[in-house]
Amino acid sequence: MIFDADVIVVGAGPAGLLVAGDLASAGVSCALLERRPDRSGLTRAFTVHARTLEELDARGVADELVALGTPLPELRLFTSAALDLSRLPSRFPYLLVTPQYQTERVLEERATRMGADIRYGHEVAGLTQHPDGVEVRVRQDGNPDRVLRAGWLVGTDGMHSTVRQAVGMPFPGRPVVHSVMLAEVRLTQAPPSALTVDSTGDAFALVAPFGDGWYRVIAWHRRDEPSEDIPVSLDEVSAVTRQAIGTDYGMHDPRWLSRFHSDERQVPRYRDGLVLLAGDAAHVHSPAGGQGMNTSIQDSANLGWKLAATIKGWAPPGLLDTYQDERHVVGRQVLRNSGALLQIALKPPPALVGARNLLAQAMTRIPFLAKRLAGAISGVSISYPAPPGAHPLTGKRVADLPLADGRRLYEALRGGRFLLSGGPGTFPADAATGYLDRVEAAPIARASTTLALIRPDAYIAWAAAASTVTAPQIRDCLAHWCGSPAHPAAHTVGR
Ligand SMILES: Cc1cc2nc3c(=O)[nH]c(=O)nc-3n(C[C@H](O)[C@H](O)[C@H](O)COP(=O)(O)OP(=O)(O)OC[C@H]3O[C@@H](n4cnc5c(N)ncnc54)[C@H](O)[C@@H]3O)c2cc1C
């Protein structure tokens with residue numbers, strides 16, 4: 001089969017834009033097909049969490065996004081309970097409030113810079129898998145369908161994924177909340193916080209700024225869930241907001257009003273042959289906790305380098321399968337957490353609101369519980385399975401550390417390679433010989449008793465006590481994670 005690209009990515013939302021950028025930066029040719037005629041001006045997500053910002057930092061675009069948003073050091077669950085994020089062990093100890101289109105713009109510009117071929121107005125209508133590649137049926141501007149071919153296909157085409165349906169992947173789950181109102185309005189009075197949220201039991205409301213004078217309002221009333229095709233009025237949104245928050249901040253001049261419902265669903269497998277699923281195409285849940293876009297971006301950060309390694313020919317056996325092993329379980333956990341938050345935020349019967357508030361206060365004020373919740377919501381406590389007997393750091397997210405050459409560790413990750421890292425003098429200078437296309441030796445600036453191999457997605461692949469580790473053990477670890485040395489197609493790449 002003659003390919004139009006090594007990989008076709010379907011859907012230019014946050015997940016598709018990140019994975020396309022990663023593939024292109026690894027030297028893999030990538031066509032990103034998007035059915036919209038151009039860049040999206042719509043916004044669903046408003047919150048970018050610390051772990052997502054760290055992944056963006058490892059690609060050199062976090063600071064640009066942070067400059068466009070409002071960092072919030074606490075996540076207010078209700079008036080009575082706020083989760084402190086200021087102590088997160090991260091360069092980004094906050095959640096960033098910024099509309100989704102800003103995140104998409106930053107990711108799109110990066111993907112384009114890296115060489116991804118982004119084609120708007122290209123709707124995927126179906127696909128056929130062959131042993132050596134995938135044929136994709138593409139519809140463009142009402143013209144007859146044409147066929148594009150690639151070795152691999154990544155479906156990041158959202159909740160109603162055509163790709164998922166075309167491979168016959170089930171999407172089991174259930175609806176969890178109906179008839180939630182969305183509005184984009186002006187306010188006469190700015191709310192005191194960039195993210196205002198509260199619920200009384202019957203009524204829930206959230207207000208967040210776009211940053212240009214417009215605000216997003218999400219409002220829901222337990223006893224008033226009309227059919228989703230009944231138009232929303234501003235009065236309705238305003239009344240529910242007043243009931244939930246105590247004021248509607250003088251909302252007026254709506255430019256957009258609609259209703260939506262949320263499901264909780266997850267596919268059983270993130271891969272079917274040469275087709276991989278990521279983001280909302282693989283899992284959906286309610287917006288509670290602001291996890292969907294963050295999880296989608298992190299799926300792609302996990303997938304991109306593994307797929308690139310497979311296409312480049314150096315991936316050790318089974319590397320690509322670890323995408324399912326690692327991300328499916330994270331997706332399941334996110335569904336659980338967001339489902340629990342939904343019950344707490346939206347659904348307690350009014351009689352139980354007092355108890356709910358006490359529970360929320362306990363969760364946000366008892367240090368041990370608050371730390372766990374902050375780690376889960378921000379994503380910094382996500383870790384991946386480690387083999388039995390592995391060093392305790394194996395599978396954990398790596399912290400940002402100063403390196404001996406003056407860079408930060410997350411800056412070094414922008415090269416798109418593994419980092420072999422430890423205190424000065426803890427590993428021989430030639431430890432990564434034969435792997436320089438895939439591994440950079442990056443000693444940290446301070447003494448450390450640990451030697452670690454850090455993956456391109458900023459998780460620890462392998463770690464050992466530096467005093468006991470031998471050169472053959474380092475070679476074994478490199479072979480396990482990075483394949484055979486000096487692959488003939490080797491070349492240095494950057495993100
Ligand atoms: C009200 C609301 C609030 C939310 N708030 C948050 C929040 O604060 N934080 C958070 O993390 N998440 C939030 N989310 C969830 C978040 O918006 C999604 O999880 C995120 O957009 C998923 O990204 P994605 O790239 O997987 O899919 P999408 O963003 O859905 O992108 C899919 C893309 O694929 C394209 N496409 C679809 N079909 C085809 C086809 N056949 N051919 C070509 N292109 C196609 C679509 O046009 C679209 O551009 C919220 C969701 C809602 C509804």
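Q: What makes the shell around the ligand a mixed one by residue class?
A: The residues of this shell divide into twelve nonpolar, 14 polar and seven charged, where Ala, Val, Leu, Ile, Met, Phe, Trp, Tyr, Cys and Pro count as nonpolar, Asp, Glu, Lys and Arg as charged, and the others, Gly among them, as polar. The model is predicted, so local features need pLDDT of at least 70 and side-chain atom pairs pLDDT 80 or more, while totals for chains, interfaces and linings use all residues. Residues are numbered from 1 along each chain as its sequence is written, and side-chain values use heavy atoms, with hydrogens and water left out.

Q: Which residues come nearest to the ligand?
A: Of the 33 residues around the ligand, E34, R36, R44, D280 and M293 come nearest, and a residue is counted as near if one of its heavy atoms lies within 4 Å.

Q: Why does the pair formed by the ligand and P14 count as a polar contact?
A: An oxygen atom of the ligand is 3.2 Å from a polar backbone atom of P14, and a polar contact is a pair of N or O atoms within 3.5 Å, so the pair qualifies. At R35, a polar backbone atom is 3.2 Å from a nitrogen atom of the ligand, and at G292 a backbone N or O atom lies 3.2 Å from a ligand oxygen. The protein covers 91% of the 1000 Å² of accessible area that the ligand has on its own, by the Shrake-Rupley method with a 1.4 Å probe.

Q: Why is α9 called roughly perpendicular to α10?
A: The axes of α9 (residues 353–365) and α10 (residues 367–378) come within 5 Å and cross at roughly 85°. Angles of 65 to 115 degrees count as roughly perpendicular, under 35 as roughly parallel, over 145 as roughly antiparallel and the rest as oblique, which makes α9 roughly perpendicular to α10. In this pair, A362, M363, T364 and R365 of α9 meet P367, L369, A370 and L373 of α10, with contact meaning heavy atoms within 4.5 Å.

Q: What makes α7 roughly antiparallel to α8?
A: The axes of α7 and α8 (residues 321–345) come within 10 Å and cross at roughly 175°, so α7 is roughly antiparallel to α8.

Note on methods. A polar contact is a pair of N or O atoms within 3.5 Å; within protein, one must be able to donate a hydrogen and the other to accept it, and residues adjacent in sequence count only if both atoms are side-chain atoms. Axes are lines fitted to C-alpha atoms, for helices over the stretch in contact, and angles run from 0 to 180 degrees between N-to-C directions. Helices (H or I, at least four residues) and strands (E, at least two) are DSSP runs, numbered from the N terminus.
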